[in-house]
Amino acid sequence: MTTLNAGDTVEGRYKIIREIDRGGMGTVFLAEHQLIKRRVALKLLRADLAEDSGVLDRFMNEARAAGTLGHPNIVESTDMGFTREGVPYIVFEFLEGSLLSSEIYRVHGLPVRRALRIARQIASALHAAHSAGIIHRDLKSDNVFLTDRDDAADHVKVIDFGISRFIAAEDDARNRAMVIGTPEFMAPEQITDPESVDGRADIYALGVILYEMLAARRPFPADPDPDVVFRRIVDEAPPALGVGDLPPGLEMMLMERFLAKRAEDRFESMRDVEGALAAFAGVVRPAGRDSAPIPIASAPFSSTEVTTTTAATNLVALPAARKRASFGWLVAAVMAAAAGFALLTAEPGKAATDDATFVLHGDADKIAAAVDSTIRAAQLRIDGLAQAPMLRAGIETDERTVRDMLKDDFKLELNPGEVFELVQARGGEMVPMVRVPEGPPLMAPADHAPHLHVGKHGLAALVTTPVTTQRGTAGGAIVLEVPIDLTATSSQIAAHATSATMQGLESPLALVGAPAGGPGSAATIPVPFAKELNVTATLRATLPDKPKPARTLVYVRLACWILSGLLAIAYLANLLRAQPQG
């Protein structure tokens, strides 16, 4: 059977329901697993292309990438095999939703917040791919699928890694030198020097997607002659977006850090892209809010009441009003002068200390935010890894098999200071299988809740997630230790404190100088960690007793006295005008 029809069964496991899509390389069918009754997408390569080694490699690349990355924003491959005729197929999770390209032109361009949210998810997916040594090389809006997940719309799934390049196992020179991809989304170096392509080509393609989401058009539209598009990409600057109400700097960043002609002028990594997009997402105002002037309520009385009140004032209140006004000027002048004299007794050192304590509250918030964002990012990574079919199968085997898998098939990329551990459920206990890098086992909490501790390199977080076997039983867990960088916050605290420590963990963490104490004023600030951490921590700092006097205090005194003098003059002027004439 070189093609499939509704009702056919593939390898006795997958029953074909209907055809979903047909393309140049093959056909995608909706199918159902006969045993677990799960609906899947089965992609069958065209029979006449199965003998072409280049096409077959591209097809297998897609299975490898989708099957090993295990990221929530990358389509998952659950199986692969061959029909009786030897035609290869790949089984993917079945997605319901729409292509990003269709959605862009359906609504004539996306709002900024929505576009940034989608772009961040694409960047997260490609960061995982690049960390695993995989460059997509054909990233485009047609390869981004939008689904609903956990009642949240616009959950991204990046698809079609068919022409991806695996850096760890380089393609042959012929493939590296091929101009390959979709012209409108190709980076200049993909055209002029395809052998030099690295992850920054995907950054360029993401820039084209972001441009398309905002402007509902591509920087360099398609042309019947691809060479026309290639020349424009290499030689011409992208046209201005022509979109209003963009956050300041967003268009400049898009042009200079995404769509730059030279790869070295773009962001260095997808991690940097994620951070930049998150920064802009934080300052974009939600659509529909604060967009209209605030209405001013009308006075709650009738026009008749207004006339009566005005007339009464004109008839009887003028002389008394002048006296009251003069007396008011005098009272205000006395109060301003008293305030100036009262500030003479204020202690500048105390005021400066209070200011420093106020700033410390902001530092505590920054520490909590750094911990929270680090834990969330790490949790997202390991949750994706835990769903990878290869890892779920490997956890049922032995340590040697898992080590071989991590070495050859499941490339594990860790950031500096991170520690990965896979533990296996065995006899009712969790037994460490593999730790990368080698070292003593990590002590993961049984409830898989995130945990903070002070290690030899400073503050670190332990995040865990359970791993189920292929049969759905408990197989073990992934544990990831992630360092938390507090260098920037420590530098800020050092500007107004002689020492500072964070307390409430199993041991105090020194942030500035020696442990908090010694001469000076002590300040204790709570650190607002998320409830999930179950940690009540405080920032203990020592502030200098005699900081430099605050210039602001001097200016306030002068302002009070000047105001007092002006009010006294106004009092005298009103008093003279109130005297009877003649």
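Start by selecting Glu421 and Val479: Glu421 stands opposite Val479, a residue of strand β16. Keep in mind as you go that this is a predicted model.

**Stop 1: strand β16 and its partners**

Now widen the selection to all of β16, residues 474-483. Colour by accessibility and you should find the strand mostly covered, with eight of its 10 residues buried. Add strand β12, residues 419-426, which pairs with β16 in the antiparallel sense over six bridges.

Next, bring in strand β15, residues 458-468. β15 and β16 also run antiparallel, joined by nine bridges. Which residue of β16 is the bridge partner of Thr464? Val479 is, the residue that Glu421 stands opposite. Before leaving, follow the chain through the hairpin of β15 and β16, which has five residues between the strands. Pick Gly472 there and check its backbone: phi is positive, near 90°.

**Stop 2: the largest pocket**

Switch on a pocket surface and go to the largest pocket, with a volume of about 1,600 Å³. Its lining has 47 residues, and those closest to the centre are Ser124, Glu274, Ala377, Ala378 and Leu380. Strand β16 turns up again here: together with α3, α9 and α12 (348-386), β16 is among the elements that give two or more residues to the lining. Select α12 to see the largest share, 11 residues. If you colour the lining by residue class, expect 22 nonpolar, 13 polar and 12 charged residues.

**Stop 3: the second largest pocket**

Move on to the second largest pocket, at about 980 Å³. Centre the view on Asp21, Val28, Lys43, Ile159 and Asp160, the closest to the pocket centre of its 32 lining residues. The elements to show around them are β2 (14-22), β3 (26-33), β4 (39-45), α1 (53-68) and β6 (88-93), each of which gives two or more residues to the lining. Which of the elements gives the most? That is β2, with four residues. By class, this lining divides into 13 nonpolar, eight polar and 11 charged residues.

**Stop 4: a three-stranded sheet**

Hide the pockets and show β7, β9 and β10, which form an open antiparallel sheet in the order β7-β9-β10. β7 (97-99) and β10 (152-158) are the edge strands; each has a single partner strand, so one side of each lacks a neighbour in the sheet. Looking across the strands, you will find a twist that averages 30° from one to the next.

Zoom in on β9, residues 144-149, and its five antiparallel bridges to β10. One pair to label is Thr147 with its bridge partner in β10, His155. Then add α3, which packs on the sheet, touches β9 and β10, and makes about 35° with the direction of β10.

**Stop 5: helix α8 and the cavity**

From α3, step across to helix α8, residues 250-258, and show its buried residues: Leu250, Met253, Leu254, Met255 and Phe258. What covers them includes α3 (112-131), α6 and α9 (270-281).

Finish with a search for enclosed space. How many cavities of 30 Å³ or more does the whole structure hold? The search finds one, with about 50 Å³ of space in it. Helix α6, residues 200-215, gives the most to the lining, three residues. Other parts of the lining to select include Arg137, Asp138, Phe185 and Gln190. Overall, the lining is made of five nonpolar, three polar and three charged residues.

Methods:
Residues are numbered from 1 along each chain as its sequence is written. This is a predicted model: local features need pLDDT of at least 70, side-chain atom pairs count only at pLDDT 80 or more; totals for chains, interfaces and linings use all residues. Side-chain values use heavy atoms; hydrogens and water are left out. On a 1 Å grid over the protein atoms alone, a cavity is a set of points where a 1.4 Å probe fits but cannot get out, and a pocket is an open set with protein on both sides within 12 Å along at least five of seven lines; lining residues have an atom within 4 Å of a point. Grid points are joined across faces, edges and corners, and a volume is the space filled by probe spheres set on the points. Ala, Val, Leu, Ile, Met, Phe, Trp, Tyr, Cys and Pro count as nonpolar, Asp, Glu, Lys and Arg as charged, and the others, Gly among them, as polar. Buried means under 20% relative accessible area, exposed over 50%, partly exposed in between (1.4 Å probe, protein chains only). Two strands pair if DSSP finds at least two bridges between them. Contact means heavy atoms within 4.5 Å. Axes are lines fitted to C-alpha atoms, for helices over the stretch in contact, and angles run from 0 to 180 degrees between N-to-C directions.
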